[in-house]
Amino acid sequence: KYGRRSAKLPGRWGPTCHGEVLTYGSSADPETGPHAAELSVTAAVRSLQEQLSLDLQAKDLEHWFSSKSQDGNCRELLDVFVVPLRDGFMSPEIR
């Protein structure tokens, strides 16, 4: 459950792992862009590594669905990925 002072989803239950898609500047005019963004599956793999120490590749994740979310002025497109636990999978020690 997120803390009451959390910037996003205060006091609500959330996922095991949660991350943001990173955007990068470009050599174009910084006032107008364009900016490049990582793929959502790349963000998912990175978030799993950073938050749960799981070393996975994009092919290991299943994309289940996408959904729009709005909370006040915060509007997001959510992509939900699942990591299936297979035979022989050793659950990492969660930090």
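Trainee: Which strand do the buried residues of H1 pack against?

Mentor: They pack against strand S4, residues 74-82. H1 itself covers residues 40-52. Helices and strands here are DSSP runs, numbered from the N terminus: H or I with at least four residues for a helix, E with at least two for a strand. Before we go on, this is a predicted model, where local features need pLDDT of at least 70 and side-chain atom pairs count only at pLDDT 80 or more, while totals for chains, interfaces and linings use all residues. Residues are numbered from 1 along each chain as its sequence is written, and side-chain values use heavy atoms, with hydrogens and water left out.

Trainee: Okay, what elements does the protein have, and in what order?

Mentor: There are one helix and four strands. From the N terminus on, they run β-β-α-β-β.

Trainee: Why is Ser47 called buried?

Mentor: Check the cut-offs: buried is under 20% relative accessible area, exposed is over 50%, and partly exposed is in between (1.4 Å probe, protein chains only). Ser47 has a relative accessible area of 4%, so it counts as buried. Ser47 also touches Cys17, Gly19 and Leu52, leaving out residues up to four places away in sequence. A contact like that means heavy atoms within 4.5 Å.

Trainee: Which other residues of H1 are buried?

Mentor: Besides Ser47, there are Ala43, Ala44, Val45, Leu48 and Leu52. Over the whole protein, 13% of the 95 residues count as buried.

Trainee: How do you know that the length of H1 makes sense?

Mentor: Do the helix check: the expected span is 1.5 Å times one less than the number of residues. For the 13 residues of H1 that gives 18 Å, and the end C-alpha atoms are 17 Å apart, so the two agree.

Trainee: What makes a group of residues a nonpolar core, and which residues form the largest one?

Mentor: You need buried Ala, Val, Leu, Ile, Met, Phe, Trp, Tyr and Cys residues joined through side-chain atoms within 4.5 Å. The largest has seven residues: Ala44, Val45, Leu48, Leu52, Leu54, Leu56 and Leu61. Val45 touches Leu56, Gln57, Ala58 and Leu61, not counting residues up to four places away in sequence. As a general rule, nonpolar side chains in soluble globular proteins tend to be buried together.

Trainee: And Val41, what does that residue contact?

Mentor: Val41, also in H1, is in contact with Ala58 and Phe81, once its neighbours within four places in sequence are set aside.

Trainee: What makes Ser53 stand out?

Mentor: Ser53 has a positive phi of about 60° although it is not a glycine. Most residues other than glycine have a negative phi. Ser53 comes just after H1, in the loop between H1 and S3. At 32% relative accessible area, Ser53 falls between the two cut-offs, so it is called partly exposed.

Trainee: How do you know that S3 and S4 pair?

Mentor: Two strands pair if DSSP finds at least two bridges between them. S3 (residues 62-71) and S4 have nine bridges and run antiparallel, so they pass that test. For one of the partners, Ser66 is matched with Asp79 in S4. The hairpin of S3 and S4 has two residues between the strands, and Gly72 there takes a positive phi near 65°.

Trainee: Why is the contact of Glu38 and Arg46 called a salt bridge?

Mentor: The rule asks for a side-chain nitrogen of Lys or Arg within 4 Å of a carboxyl oxygen of Asp or Glu. Glu38 and Arg46 come to 2.5 Å, N to O, so they qualify. Glu38 has a relative accessible area of 11%, so it counts as buried.

Trainee: How many salt bridges are there in the whole structure?

Mentor: Three. Glu50 forms one with Arg46, the closest N and O atoms being 3.4 Å apart. Both residues lie in H1, four residues apart, about one turn of the helix. Glu50, at 47% relative accessibility, is partly exposed. Asp60 and Lys59 also meet in a salt bridge, at 3.8 Å, N to O. Salt bridges that share partners join Glu38, Arg46 and Glu50 into one network.

Trainee: Is Lys59 buried or exposed?

Mentor: Lys59 has a relative accessible area of 67%, so it is exposed. Asp60, at 25%, counts as partly exposed.
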